[in-house]
Amino acid sequence: MKHVMPILIKFIVSFLILSFFLNGFAAISFLNILLTTAILVTFSYFVGDNMVLPRTNYTFAAVFDFVFNFATIAFLVYILTNLSAGFLLPSAIAALTITVFEVFFHLYLVKSIFPDHPRKRTKRSAQPMELQTEFSEELTIHDKKNRED
């Protein structure tokens, strides 16, 4: 139940971004944009936000989101429409815009959804290390054997 609100936020923002760039620059229909948004948000949230973000840092998650978003948007636009060219630039710009949104969305996720994320934990003070060396009479084992003979 805690994942419904983030998915809804991500869906609405992604739909608005995709409809602006894909409908405005590549003339893609409403239903194709809706289907692209649904597939993109589903896979991006469960793969990128639930698997990659908790295990890595923000930078890697943002780079992963850009590559994943661009590949998914370009592939779905190519499959769903009859466009053979002219959809890569709008797809790249839409993926970049969604990635910028994802940076702020990741901050929201870490704050509200992933309470045990390493970035959220308080910084611990360094514990003093108690290091001690061992002393012995012998420098090597062979010297001790020679003395006993």
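Ser-44 touches Lys-10, Asp-49, Asp-65, Phe-68, Asn-69 and Glu-102, not counting its neighbours within four places in sequence. Keep in mind that this is a predicted model. Ser-44 sits in helix α2, and with a relative accessible area of 1% it is buried, because anything under 20% gets that label. From there, here's a quick tour of the rest.

**The chain as a whole**
- You're looking at 5 helices and 0 strands, so to speak an α-α-α-α-α layout when read from the N terminus.
- The chain has 149 residues, and 33% of them count as buried.
- Take the contacts with a separation of 6 or more: 73% of them are between residues 24 or more positions apart.
- About 10,500 Å² of the chain is exposed, with carbon and sulfur atoms supplying 67% of that area.

**Asp-49, a contact of Ser-44**
- Asp-49 is another residue of helix α2, and it turns up in the contact list of Ser-44.
- Is Asp-49 buried or exposed? Its relative accessibility is 0%, so it counts as buried.
- The side chain of Asp-49 makes a polar contact of 3.1 Å with the side chain of His-106.
- Setting aside neighbours within four places in sequence, Asp-49 is in contact with a list of residues that includes Lys-10, Pro-54, Phe-105, Leu-109 and Phe-114.
- Lys-10, Asp-65 and Glu-102 are in contact with Asp-49, and they are also among the contacts of Ser-44.

**Helix α3**
- Helix α3 covers residues 58-80, which is 23 residues in total.
- From first C-alpha to last, α3 reaches 32 Å, close to the 33 Å expected at 1.5 Å a residue.
- Which residues of α3 are buried? They are Ala-61, Ala-62, Asp-65, Asn-69, Thr-72, Ile-73, Ala-74, Leu-76 and Val-77.
- An α-helix has 3.6 residues a turn, so residues three or four places apart point the same way.
- The cover over the buried residues of α3 includes α1 (4-25), α2 (30-52) and α4 (88-112).
- Two of those buried residues, Asp-65 and Asn-69, are in contact with Ser-44.

**A nonpolar patch on the surface**
- Val-63, Phe-66, Val-67, Leu-96, Val-100, Val-103, Phe-104 and Leu-107 make up a nonpolar surface patch, with about 720 Å² of accessible area together.
- Two or more residues of the patch come from each of α3 and α4.
- Helix α4 gives the largest share, with 5 residues.
- Val-67, one of the patch residues, is found in helix α3.

Methods: Residues are numbered from 1 along each chain as its sequence is written. This is a predicted model: local features need pLDDT of at least 70, side-chain atom pairs count only at pLDDT 80 or more; totals for chains, interfaces and linings use all residues. Side-chain values use heavy atoms; hydrogens and water are left out. Helices (H or I, at least four residues) and strands (E, at least two) are DSSP runs, numbered from the N terminus. The expected span of a helix is 1.5 Å times one less than its number of residues. Buried means under 20% relative accessible area, exposed over 50%, partly exposed in between (1.4 Å probe, protein chains only). Contact means heavy atoms within 4.5 Å. Accessible areas come from the Shrake-Rupley method with a 1.4 Å probe; for residues, only the protein chains shown count as cover. A polar contact is a pair of N or O atoms within 3.5 Å; within protein, one must be able to donate a hydrogen and the other to accept it, and residues adjacent in sequence count only if both atoms are side-chain atoms. Patches are made of residues with over 30% relative accessible area and no salt bridge: like charges are joined within 9 Å, nonpolar side chains (Val, Leu, Ile, Met, Phe, Trp, Tyr) within 5 Å. A salt bridge is a side-chain nitrogen of Lys or Arg within 4 Å of a carboxyl oxygen of Asp or Glu.
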